[in-house]
Amino acid sequence: MQKTIAVLEGDGIGPEIVGEAVKVIKTVENKYGHRFTLHPAAFGAGAYFSEGSAFPEKTKEICDAADVIIKGPVGLAVEQMDQIPQEHRPEIGAILPLRNRYDTFANFRPVRLPASLAAFSPLKPEIISQGLDILMIRELVGGIYFGDKIEGKTTGMKYAKDDCTYTEKQVRRVAIVAFEEARKQHLPLVNIHKANVLATSRFWKEIVEDTAKDYPDVPCKSMLVDNAAYQLVINPCQFNGVVLIENMQGDILTDQAGGIIGSLGLMPSACIGPEKSYVEPAHGSAPDIAGKNIANPYSMIGSAALMFDRCLNLPKEAEEIRNALFAVFERGFSTRDLMLPEQSPEKILSTTQFGDMVVKIIQENV
Ligand code: IPM
Ligand code: MN
């Protein structure tokens with residue numbers, strides 16, 4: 001396969017972890033006889049300071065021309081972010097415009113912790129010991145994130161307002177993605193909402209339940225988002241399967257899921273659009289540990305794996321990467337964020353050591 005990949009390193013730990021993902025992509029390229037052309041492009045807070053925009057025109061051209069985009073986390077330390085006007089900050093000035101440009105409506109966030117690695121979780125062993133395998137599918141281009149954001153003043157009273165809108169098309173298309181996934185993998189589906197309070201959630205639930213009629217083979221239930229947050233901690237394994245959730249609620253619950261499996265460093269993601277998709281870790285740029293070669297590159301390398309199966313339709317390559325990632329942990333190694341009390345410091349890998357070990361495992365595996 002011959003493809004071009006836009007590479008947006010981002011800020012903070014971005015360049016370090018993207019570097020490891022690129023190593024892994026090149027290893028897979030050689031092993032499977034593919035040809036990937038990588039096009040680096042500036043994106044994020046660093047891009048604002050060097051080019052005057054967090055999502056520069058040149059980067060848009062590179063992304064437009066690429067088959068797929070791999071993106072690191074963005075954002076710098078508070079003092080630097082404070083120097084950037086609100087509308088140019090990477091969240092509003094780069095990430096949302098990227099999602100909007102390619103209409104990447106379906107955000108796949110797998111929450112995976114094999115039983116053998118249950119000790120990474122802060123939850124008691126009896127709660128998590130069977131392992132977790134949840135595919136959270138978060139709607140990514142609708143709802144409150146993309147509504148009008150207003151700060152105003154009436155009769156001397158200051159106020160702020162965020163509009164939250166969902167159209168039928170927006171809900172139905174992501175619901176179809178989730179149900180198709182559940183059907184293909186013979187998994188149950190849990191639909192999350194806040195229909196006891198919000199009109200958009202009542203609407204969401206109504207459209208999802210209507211979509212469910214086309215999938216009588218998929219066991220489906222609904223759960224209020226606050227209850228889901230509680231249940232995720234008390235009995236997370238009940239969610240093994242597909243979880244469908246809207247944008248804002250999904251942002252929160254997927255971070256909670258990262259905590260439950262032990263680290264946000266274990267949360268890769270893929271943002272799928274009708275024509276173009278991109279992959280990114282679900283976590284931030286951790287400026288406090290940037291440049292120290294200690295960040296966990298798992299979620300970034302895992303995002304590269306998602307690029308292979310979710311974006312390029314190369315499932316074997318994706319599986320090979322995922323197996324290698326878990327093999328590192330199963331050999332007793334981990335990164336600083338996952339350090340267990342009884343773990344010896346020699347088993348703690350740097351960012352580059354982790355990437356090198358993944359590469360070696362892939363190369364050795366025949
Ligand atoms: C995420 C992030 C983003 C979001 C931010 C950085 C805009 O938290 O991808 O989860 O809220 O979607
Ligand atoms: Mn988030």
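Let's begin with a term: buried means under 20% relative accessible area, exposed means over 50%, and partly exposed is in between (1.4 Å probe, protein chains only). This is a predicted model, where local features need pLDDT of at least 70, side-chain atom pairs count only at pLDDT 80 or more, and totals for chains, interfaces and linings use all residues. Residues are numbered from 1 along each chain as its sequence is written, chains are lettered from A and ligands numbered from 1 in the order in which they are written, and side-chain values use heavy atoms, with hydrogens and water left out.

**Exercise 1.** Work out where N293 sits and whether N293 counts as buried, partly exposed or exposed.

*Solution.* Start with the place: N293 is in the loop between β12 (278–279) and α11. (Helices, H or I with at least four residues, and strands, E with at least two, are DSSP runs numbered from the N terminus.) Next, the backbone: N293 isn't a glycine, yet its phi is positive, about 60°. Finally, N293 is partly exposed because its relative accessibility is 27%.

**Exercise 2.** Do the same for H186: which loop holds H186, and how accessible is H186?

*Solution.* H186 falls in the loop between α7 and β8 (189–193). Its phi is near 55°, again a positive value in a residue other than glycine. With 73% relative accessibility, H186 counts as exposed.

**Exercise 3.** Find what the salt bridge between E181 and R310 ties together.

*Solution.* First, the term: a salt bridge is a side-chain nitrogen of Lys or Arg within 4 Å of a carboxyl oxygen of Asp or Glu. In E181 and R310, the closest N and O atoms are 2.9 Å apart. E181 belongs to helix α7 and R310 to helix α11, so the pair ties together parts that are 129 residues apart in sequence. Now check the cover: E181 is buried at 6% relative accessible area, while R310 is partly exposed at 25%.

**Exercise 4.** Say which two strands are joined by D133 and R112.

*Solution.* The side chains of D133 and R112 form a salt bridge, 3.6 Å from N to O. D133 is in strand β5 and R112 in strand β4, so this pair ties together parts 21 residues apart in sequence. At 43% relative accessibility, D133 is partly exposed, and R112 is partly exposed too, at 26%.

**Exercise 5.** Name the residues linked in a network with K213.

*Solution.* Begin with one pair: K213 and D210 meet in a salt bridge at 3.1 Å, N to O. Then widen the view: E168, R172, D210 and K213 are linked in a network of salt bridges. K213 is exposed at 63% relative accessible area, and D210 is partly exposed at 30%.
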